[in-house]
Amino acid sequence: MALTSIAEETYSERHPLLQKNKFGGGCRSSSEEEVTSRAVFRVVGMTCSACVGSVEEAIKRLGGIHEAVIDVLNNQAQVLFNPSFVNVEKICETIRDAGFEASPIENEANETPVQVCRIQINGMTCTSCSSTIERVLRVTNGVQRAHVSLALEEAEVHYDRRLVAHEKLLAEVEGAGFEAILISTGEDLSKIDLKIVGECVDESIKTLLEALPGVQSVEFHHGTDRIISVLYKHDVTGPTNFIRVFGQTKLKATIFSVGEEGRESQRQGEIQKYYNSFLWSLVCTVPVFLTTMVFMYIPWINHLLMFKVINMLNTGEIIRCVLATPVQFVIGWRFYYGSYKSLRRGSANMDVLIALGTNAAYFYSLYSVLRAATSPDFKGEDFFETSSMLITFILLGKYLEVMAKGKTSDAISKLMNLTPDTAILLTLDSEGKVTGEEEIDGRLIQKKDVIKIIPGVKVASDGYVIWGNSHVDESMMTGEAKLVAKRKGDAVIGGTLNANGVLHVKVTKVGSESALAQIVRLVESAQLVKAPVQKLADKISRFFVPLVISISLLTWLAWFFAGKLHWYSESWIPASMDSFELALQYGISVMVVACPCALGLATPTAVMVGTGVGASQGVLIKGGQALERAHMVNCIVFDKTGTLTMGKPVVVRTKLLKNMTLGEFYELVAAIEVNSEHPLAKAIVDHAKKFRDDEENPALPQAHDFLSITGNGVKATVKGREIMVGNKNLMSEHGVNIPEDAKEMLAEAEEMAQTGILVSVDRELTGVLAVSDPLKPSARAAISILKSMNIVSIMVTGDNWGTANAIAHEVGIDSVVAEAKPKQKAEKVKELQDAGHVVAMVGDGINDAPALVAADVGMAIGAGTDIAIEAADIVLMNSNLEDVITAIDLSRKTFSRIRLNYVWALGYNLIGIPIAAGVLFPWTHLRLPPWFAGAAMAASSVSVVCSSLLLKNYKRPKELDNLEICEVLVERV
């Protein structure tokens, strides 16, 4: 495709938003990098999401604003701005003009001292390891909480950066005997790794990079691949600047992936390592097995194997000893090292069991070989096949387990791969002309870049459209397979697919800030949060290994003394053994059949797969705790606006009480409402546009002395006439008489779940509007399905009783609480909990935050703010109510799988250990050889992981597939 035709176009033609220079330029040019300041304001008067929208939009209208983040829970607003265009006083004044009290917070720390650090941990083998690391981290000064996932091989640590640094956390993990690799620190910093090609002088390169603005630290990693890590502020600099630094020297640098790609590479390396170990172990073990179990039945081979070399030492024993030794000490070295680390920190893990079991078999066999070589009449059996086959089967199990565990995180890998590898970067000159375009690595995109998105290509990064029209498939975010129209000013999300038109997008978020990265981080964090049921496995793991060792020793002693005292028939002893060897085999079998891994993997693997499946369907479940509580939910409290309804009001009826046209009426009303940020005001302004046919003079009349009266309405002077728009309270306070026909229309609107709005001109009531917030298409069907699931639905809303009852009746909800403030919503949730219900709260995640937190399970519908994600346990990316059903059904299926995993893991150990100990032998005469016990132990871990993987086949309830989504028809008069 030719890349030439756009070069001559100007700002005014292609990038009108950038012509105003609001954002200090939108591309990489020769212009100087702008200065960014940060300020935090105390904002009083915000009560709901509409208030948040009002404040945010008012601030963003100002020139030079980069970002405005509103926190309604803490009554704060954090603003990033260019001080050359706007100052703190102007921002304060703007917030006050929007109807809220505002004041700057002096010396406010913009970053919380509590950071979240993620660490990759290598070397864990069972729950004993993960529990040990958790204990080590939790006792570290400054650590508030720590979660370690055996399945994910990661730790998430919440720590106070004023008391402890992440380097200290890494040191603590490594001090416990494990390898620790930092993934992220949670600070407002980005990290990138560059691979250097060419001769390198460390100090010179380090000096050049550290001289760049925004670079915090530079660290070299010497090895086969020369890697340099750069920690930097993403608001100031980026990867492209680092690449340019290397361009000034004779060196070249490329981006080196150590994120998800790096972890995948490491996982593949681990799989390959286990495969190679298993293969070499198998090569040595097969001859050992054949010489013990098969060749003895072939006369001429058996004759060769029984040939005496020294005294009673035969060739078969020499061959088995030579082949079993490298399996025991070279290939099996990992178990010795793991045991040493475990015992050094005062605990015992699975490696200890394996090392003890294989050592018992190997060293007894070695003793037998040495006795045979030194004694002319010694007769004994060796167990070299036991030790080597044990190690071989355990390595095979580990190999299969690592492969299966990798598949549990497929959902995250798919999310990570949604963004394209390359992007088309537009270059603009100082006058705004497009001078060219260049295809670059997608990881080199920086904030404020302007990128081109052609049809059929995925959006490379989050941003907003500055030119072009198209439709974008956002199903990866919402789960809805439908196209969303995009035009100038609309936001786009990295990873979504551009369908038809060409778009020019200004990048606003990159790397860890992007919406996709936040979803991935949320899912990863969820997979680290343990379900309460996992506490059982953690408690068992503390004494599991010592208990197994004790049972193994008691088993050996019991069979040994029983043999010496002739408590059982000598026919029970195989011809090739004596009573000591039989007892030893029973003891070894008990030691190696026990499997703490299966217990440790039962919950986290199911949670990993379940949360991954949920994320792929637009349901973000925040960990095992949310899963466990959600499957028990029997009562759901729904908010009304934006949850059961669309959240987008429209004018459905107008009644004039004075002699004027609708055009004249709406001109006055729109002139005052255009200054308000209330959702109802926007609905009125949009409706008024239908009556403005004068294309030559589309501007509305100027409104003077505008006043917003919180909770009642607005007041201003338009064309010299006093206009008031609001409710009955506003009219009553200003002495406006409300005639009976207007009261009847208000009552009628209330019965029809509509909001009545009164309009007065010069203190005379002139008209009545009815505004409706339509029900979501799936609301009635979703409530009906919940009833069939024996889940009670209740609506709690701040709206009036008439509207609330009408909406509840329409969707089929019997219990209603209206005119409830946020605190009262939370109190209603607690009241239901006291009555014995397990309560889920479904709301917009902002004004319903207290109730979301109070509920057993908080579900944020269509929430895109940090406040919603923080308050809710489950975030529903799509706004459809059927996702509430999907979330509950998925949690039930996932927790059923966890139960099944525990039944298998506990049942296996409770049944396997007695069988291995020979409890059933007197009746069945079936004995579990040590090598078979080891194979069973390896198979148990693999089976638990495979059981969890079956969740990947999850399908939504059939009722949802049959649910018809009909178009909402709203009658407008």
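**Local contacts and salt bridges in the predicted model**

L627 is buried, with a relative accessibility of 1% (buried denotes under 20% relative accessible area, exposed over 50%, and partly exposed the range in between, for a 1.4 Å probe and protein chains only). The structure is a predicted model, in which local features need pLDDT of at least 70 and side-chain atom pairs count only at pLDDT 80 or more, whereas totals for chains, interfaces and linings use all residues. Residues are numbered from 1 along each chain as its sequence is written, and side-chain values use heavy atoms, with hydrogens and water left out.

L627 belongs to helix α21 (residues 624-630); helices (H or I, at least four residues) and strands (E, at least two) are DSSP runs numbered from the N terminus. When neighbours within four places in sequence are set aside, the residues in contact with L627 are V607, I621, S891 and T894, contact being defined as heavy atoms within 4.5 Å. Of these partners, V607 is 20 residues from L627 in sequence, and the C-alpha atoms of the two residues are 7.9 Å apart in space.

The structure contains 17 salt bridges, each defined as a side-chain nitrogen of Lys or Arg within 4 Å of a carboxyl oxygen of Asp or Glu. One of them links K893 to D889, with 3.5 Å between the closest N and O atoms. Both residues are located in helix α32 (residues 882-916), where a spacing of 4 residues places K893 and D889 about one helical turn apart. K893 is partly exposed at 40% relative accessible area, whereas D889 is buried at 11%. Elsewhere, K715, E722 and R763 are joined into one network by salt bridges that share partners.

A salt bridge is also formed between E56 and K60, whose closest N and O atoms are 2.9 Å apart. This pair is located in helix α3 (residues 49-60), and because E56 and K60 are 4 residues apart, about one helical turn separates them. E56 is partly exposed, with a relative accessible area of 24%, and K60 is likewise partly exposed, at 41% relative accessibility.

R721 and D762 form a further salt bridge, with the closest N and O atoms 3.8 Å apart. R721 is in strand β29 (residues 721-726), whereas D762 is in the loop between β30 (754-761) and β31 (764-772); the pair therefore ties together parts that are 41 residues apart in sequence. R721 is partly exposed at 34% relative accessibility, and D762 is partly exposed with a relative accessible area of 40%.

Strand β19 (residues 470-473) shows an alternation of side chains: S470 and V472 point to one face and are buried, while H471 and D473 point to the other face and are not buried. Strand β19 pairs with strand β20 (residues 483-486) in the antiparallel sense over 4 bridges, pairing requiring that DSSP finds at least two bridges between two strands. Within this pairing, D473 stands opposite L483 in β20. Strand β19 is also joined to strand β22 (residues 497-498) by 2 bridges, and these strands run antiparallel; here V472 stands opposite N498 in β22.

In strand β5 (residues 114-122), N122 is buried at 14% relative accessibility. The side chain of N122 makes a polar contact of 3.5 Å with the side chain of Q120. A polar contact is a pair of N or O atoms within 3.5 Å; within protein, one atom must be able to donate a hydrogen and the other to accept it, and residues adjacent in sequence count only if both atoms are side-chain atoms.
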